[in-house]
Amino acid sequence: MTTIQITDTGTARRGPVFWLCRYLPGEIAGTAALVLAGLGVTVWTDAPVAIAVAGLVGAILGFYGVLAITIYSEHSIAAHGRARRGAFALLVAEFGPVEFVDTLVIRPAALMLGVWMAPDPIWGLLAGKLAADVVFYAALAKSHNTHDMRGSRGTRGARRTRGARTAREPQTVP
């Protein structure tokens, strides 16, 4: 009977400091773009749907613009400059399914509800963003950990060692 031990070699980087360093610059840019786009639309209309959609587009462009640069830089360093396709694939793999649901369902509903309920559209956008972010980051953390366990992040992910026992639950492989 053989057991597989799963060793996370990047545990120290997966704490709050890792998450802040990785996502805070994108969040700042996305929030600024959300507010500017939402505020810009209020010049022409006070329709909650229009304000929420403009904020959504601004947030996506701001957040993913910064994250694309961050991931490209990380991957470029690891791949010695040959990173374009790999960085894009990692961005899609990391955010794809989570972002799809967030962009099409959760975030628009949260932003529209926030703008509709708050007396000021900017506060409504910020409240909707905060609510959507809680759901987004919970799902993203799960997705991120799944990619680590599969080893799709290269050497920083999990490594499987045959013949070793795990401290938690040994898994047998026939």
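**Exercise 1. Which residues of α1 are buried?**

Solution. The structure is a predicted model, and the answer is found by going along the helix residue by residue. In α1, the buried residues are F18, R22, Y23, G26, E27, G30, L34, G38 and V41. As background, an α-helix has 3.6 residues a turn, so residues three or four places apart point the same way. Two members of the list, G26 and E27, are taken up again below.

**Exercise 2. Work out what span helix α1 should have, and compare this with the distance between its ends.**

Solution. Begin with the extent of the helix, which covers residues 16-41 and therefore has 26 residues. At 1.5 Å a residue, the expected span is 38 Å, because the rise is multiplied by one less than the number of residues. The C-alpha atoms at the two ends are 35 Å apart, which agrees with the expectation. When following the helix in the model, look also at Y23, where there is a kink of about 40 degrees, shortly before the proline P25.

**Exercise 3. Decide whether G26 is buried or exposed, and find what it touches.**

Solution. G26 lies in helix α1, and its relative accessibility is 0%. Since buried means under 20% relative accessible area, G26 counts as buried. Once residues up to four places away in sequence are set aside, G26 touches G62, F63, V66 and L67. A further pair to locate is G26 and A68, which are 42 residues apart in sequence, while their C-alpha atoms are 9.3 Å apart in space.

**Exercise 4. Describe the surroundings of E27 and the lining of the largest cavity.**

Solution. The first step is to place E27, which belongs to helix α1 and is buried, with a relative accessible area of 15%. The second step is to list its contacts: apart from neighbours within four places in sequence, E27 is in contact with F63, K129, D133 and Y137. The third step turns to the empty space, where a search of the whole structure finds one cavity of 30 Å³ or more, and the largest cavity has a volume of about 140 Å³. Its lining consists of 14 residues, of which E27, A59, F63, R107 and D133 lie nearest the centre. Sorted by class, the lining has five nonpolar, three polar and six charged residues. The last step asks where the lining comes from, and here α1, α2 (48-79), α3 (84-117) and α4 (121-150) each supply at least two residues.

Definitions and conventions: Residues are numbered from 1 along each chain as its sequence is written. This is a predicted model: local features need pLDDT of at least 70, side-chain atom pairs count only at pLDDT 80 or more; totals for chains, interfaces and linings use all residues. Side-chain values use heavy atoms; hydrogens and water are left out. Helices (H or I, at least four residues) and strands (E, at least two) are DSSP runs, numbered from the N terminus. The bend at a residue is the angle between axes fitted to the seven residues ending there and the seven starting there. Buried means under 20% relative accessible area, exposed over 50%, partly exposed in between (1.4 Å probe, protein chains only). Contact means heavy atoms within 4.5 Å. On a 1 Å grid over the protein atoms alone, a cavity is a set of points where a 1.4 Å probe fits but cannot get out, and a pocket is an open set with protein on both sides within 12 Å along at least five of seven lines; lining residues have an atom within 4 Å of a point. Grid points are joined across faces, edges and corners, and a volume is the space filled by probe spheres set on the points. Ala, Val, Leu, Ile, Met, Phe, Trp, Tyr, Cys and Pro count as nonpolar, Asp, Glu, Lys and Arg as charged, and the others, Gly among them, as polar.
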